[in-house]
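Here are a few short exercises on charged pairs and a surface patch. Have a go at each one with the structure open, then check the worked solution.

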Amino acid sequence: DIEGKIIKLSNREKDCLALLSQGHATKSISRILDLSPRTVEIHLSNLKNKTGLYNTPALVSLFNKWY
């Protein structure tokens, strides 16, 4: 259930997912969102836990299906 997974995400987690799907790495995401790399890692970890998807291609696929 894609919609149920997306609804669980915070706005910042959605921002990180959008940038991740564009091919940005953690450091790049942190610069764009003006966050520390560790904060981005935490957002990505939360995103993975909430969606149950633990690899980047699966997360990008989720993003592409929803947006």
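**Exercise 1.** How many salt bridges does a search of the whole structure find?

Solution. This is a predicted model, and searching the whole of it turns up 3 salt bridges. The cut-off to apply is a side-chain nitrogen of Lys or Arg within 4 Å of a carboxyl oxygen of Asp or Glu. The next exercises go through the pairs.

**Exercise 2.** Take the salt bridge between Asp15 and Arg12. What separates the two residues along their helix?

Solution.
- Step 1: check the distance. N to O comes out at 3.8 Å for the side chains of Asp15 and Arg12, and the limit is 4 Å.
- Step 2: place the pair. Both sit in helix α2, which covers residues 11-21, and because they are 3 residues apart, about one helical turn lies between them.
- Step 3: look at exposure. Asp15 has a relative accessible area of 33%, so call it partly exposed; Arg12, at 31%, is partly exposed too.

**Exercise 3.** Lys50 forms a salt bridge with Glu13. Which parts does the pair tie together? And is Glu13 buried or exposed?

Solution.
- Step 1: the closest N and O atoms of Lys50 and Glu13 are 3.0 Å apart.
- Step 2: Lys50 belongs to helix α4 (residues 37-51) and Glu13 to helix α2, so this salt bridge links parts that are 37 residues apart in sequence.
- Step 3: now the cut-off. Buried means under 20% relative accessible area. Glu13 has just 3%, so it is buried. Lys50, with 30%, is partly exposed.

**Exercise 4.** Work out how Glu41 and Arg38 are placed in helix α4, and how exposed each one is.

Solution.
- Step 1: the side chains of Glu41 and Arg38 meet in a salt bridge, 3.4 Å from N to O.
- Step 2: the two are 3 residues apart in helix α4, which means about one helical turn separates them.
- Step 3: exposed starts over 50%. Arg38 has a relative accessible area of 53%, so it is exposed, whereas Glu41 comes in at 38% and counts as partly exposed.

**Exercise 5.** Which residues form a nonpolar patch on the surface, together with Trp66?

Solution.
- Step 1: Trp66 is joined by Ile2 and Tyr67, and the patch adds up to about 290 Å² of accessible area.
- Step 2: Trp66 lies in helix α5, which runs over residues 56-66.
- Step 3: a patch residue needs over 30% relative accessible area. Trp66 has 34% relative accessibility, so it counts as partly exposed.

Methods: Residues are numbered from 1 along each chain as its sequence is written. This is a predicted model: local features need pLDDT of at least 70, side-chain atom pairs count only at pLDDT 80 or more; totals for chains, interfaces and linings use all residues. Side-chain values use heavy atoms; hydrogens and water are left out. Patches are made of residues with over 30% relative accessible area and no salt bridge: like charges are joined within 9 Å, nonpolar side chains (Val, Leu, Ile, Met, Phe, Trp, Tyr) within 5 Å. Accessible areas come from the Shrake-Rupley method with a 1.4 Å probe; for residues, only the protein chains shown count as cover. Helices (H or I, at least four residues) and strands (E, at least two) are DSSP runs, numbered from the N terminus. Buried means under 20% relative accessible area, exposed over 50%, partly exposed in between (1.4 Å probe, protein chains only).
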